[in-house]
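Thanks for coming, everyone. I'll put the model up, and then we'll walk through it piece by piece.

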Amino acid sequence: MSRPRSTQAIGQTALAYARTWRTVDAENQVLGRMATRIAITLMGKHKPIYDPANDCGDYVVVTNARKVVVTGRKADQKIYRHHTMFPGGLKEIPYKTMMDQKPDEIIRRAVSGMLPKNRLRAKRLARLHIFPDETHPYESNILRDYEKEFETTFASASAGVKEEVPSPTPGAP
């Protein structure tokens, strides 16, 4: 059997590029760690057909954005800045004020900073839907729930314990 050449399309079907809807519950999740997982999903790096030039990522719905957690003293020290494009129009908004007014913008900016700065960035961010509370209109679209995966990944990471793999029983084939 010959090795496939780069010109052959292997697995480049519509089914491989199909976008699935995933949900993330942001309650008690650390902002940066959650944002990296969301960025990976939006880019499509979790798929075997990933290509940096193609947009093959999935939709992500984030709920409970008001209950996201930051570590250290970031809640007191973090400042979000934007410019109005008028002279002297630099606006600074502290984290706590932003959390009260626009909790979805905090997660959107964190994920945006972790995506590649290229033409696909806006398209990828358009697939990110963030809601401050539990309810959202995309309930019928959700196929895979990321909550359980986040809990196991972050629980083992924060405890510093590797997941135990059961050892094979002696005499088993």
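Start with helix α1. Its buried residues are Leu-31, Met-34, Ala-35, Ile-38, Ala-39, Thr-41, Leu-42 and Met-43. Keep in mind that this is a predicted model.

The helix has 13 residues. From first C-alpha to last, α1 reaches 18 Å, close to the 18 Å expected at 1.5 Å a residue. Right after α1 comes Gly-44. The phi of Gly-44 is positive, near 90°.

Pick one residue out of that helix: Ile-38, which lies in α1. How buried is Ile-38, in relative accessible area? The value is 1%, so Ile-38 counts as buried. And what does Ile-38 touch, once neighbours within four places in sequence are left aside? The contacts are Val-24, Val-60, Val-62, Val-111 and Leu-128. One more pair to mark here is Ile-38 and Met-114. They sit 76 residues apart in sequence. In space, C-alpha to C-alpha, Ile-38 and Met-114 are 9.2 Å apart.

Now step back to the whole chain. There are 6 helices and 6 strands. The order along the sequence is β-α-β-α-β-β-α-α-α-β-β-α. The chain has 173 residues, and 32% of them count as buried. Exposed area is about 11500 Å², with carbon and sulfur atoms supplying 55% of it. Take contacts between residues at least 6 apart in sequence: 68% of those join residues at least 24 apart.

Next, the strands on either side of α1. Strand β1 covers residues 21-25, and 5 of its 5 residues are buried. Both faces are covered. On one side you have Trp-21, Thr-23 and Asp-25. On the other you have Arg-22 and Val-24. The partner of β1 is strand β2, residues 59-63. The two run parallel, joined by 5 bridges. Within that pairing, Val-24 stands opposite Val-62. How does the chain get from β1 to β2? The path goes through α1, residues 31-43, and this β-α-β crossover is right-handed. Recall that Val-24 and Val-62 are both among the contacts of Ile-38. That puts one helix residue in touch with both members of a facing pair.

There is a second strand pair to look at. Strands β3, residues 79-83, and β4, residues 90-94, run antiparallel. Again, 5 bridges join them. Arg-81 stands opposite Glu-92 in β4. This hairpin has 6 residues between the strands. In the hairpin, Met-85 takes a positive phi, near 75°.

On to charges. The count comes to 9 salt bridges. I'll follow one network, made up of Arg-19, Asp-55, Arg-124 and Arg-127.

Bridge one on my list is Arg-19 with Asp-55, at 3.9 Å, N to O. Arg-19 lies in the segment before β1, and Asp-55 in the loop between α1 and β2, so the pair ties together parts 36 residues apart in sequence. Arg-19 counts as partly exposed because its relative accessibility is 32%. Asp-55 has a relative accessible area of 17%, so it counts as buried.

Then Asp-55 with Arg-124, at 3.5 Å, N to O. Arg-124 is in helix α5, residues 121-126. This pair links parts of the chain 69 residues apart. Buried or exposed, for Asp-55 and Arg-124? Both are buried.

Last on the list is Arg-127 with Asp-55, at 2.8 Å, N to O. Arg-127 lies in the loop between α5 and β5, and Asp-55 in the loop between α1 and β2, so here the parts tied together are 72 residues apart in sequence. Both Arg-127 and Asp-55 are buried.

To recap the charges: Asp-55 meets Arg-19, Arg-124 and Arg-127. And to recap the helix: Ile-38 is buried at 1%, in contact with residues including Val-60 and Leu-128. That's my tour. Over to you.

Note on methods:
Residues are numbered from 1 along each chain as its sequence is written. This is a predicted model: local features need pLDDT of at least 70, side-chain atom pairs count only at pLDDT 80 or more; totals for chains, interfaces and linings use all residues. Side-chain values use heavy atoms; hydrogens and water are left out. Helices (H or I, at least four residues) and strands (E, at least two) are DSSP runs, numbered from the N terminus. Buried means under 20% relative accessible area, exposed over 50%, partly exposed in between (1.4 Å probe, protein chains only). Contact means heavy atoms within 4.5 Å. Accessible areas come from the Shrake-Rupley method with a 1.4 Å probe; for residues, only the protein chains shown count as cover. Two strands pair if DSSP finds at least two bridges between them. A crossover is right-handed if, with the strands pointing away from the viewer, the path from the first strand over the helix to the second runs clockwise. The expected span of a helix is 1.5 Å times one less than its number of residues. A salt bridge is a side-chain nitrogen of Lys or Arg within 4 Å of a carboxyl oxygen of Asp or Glu.
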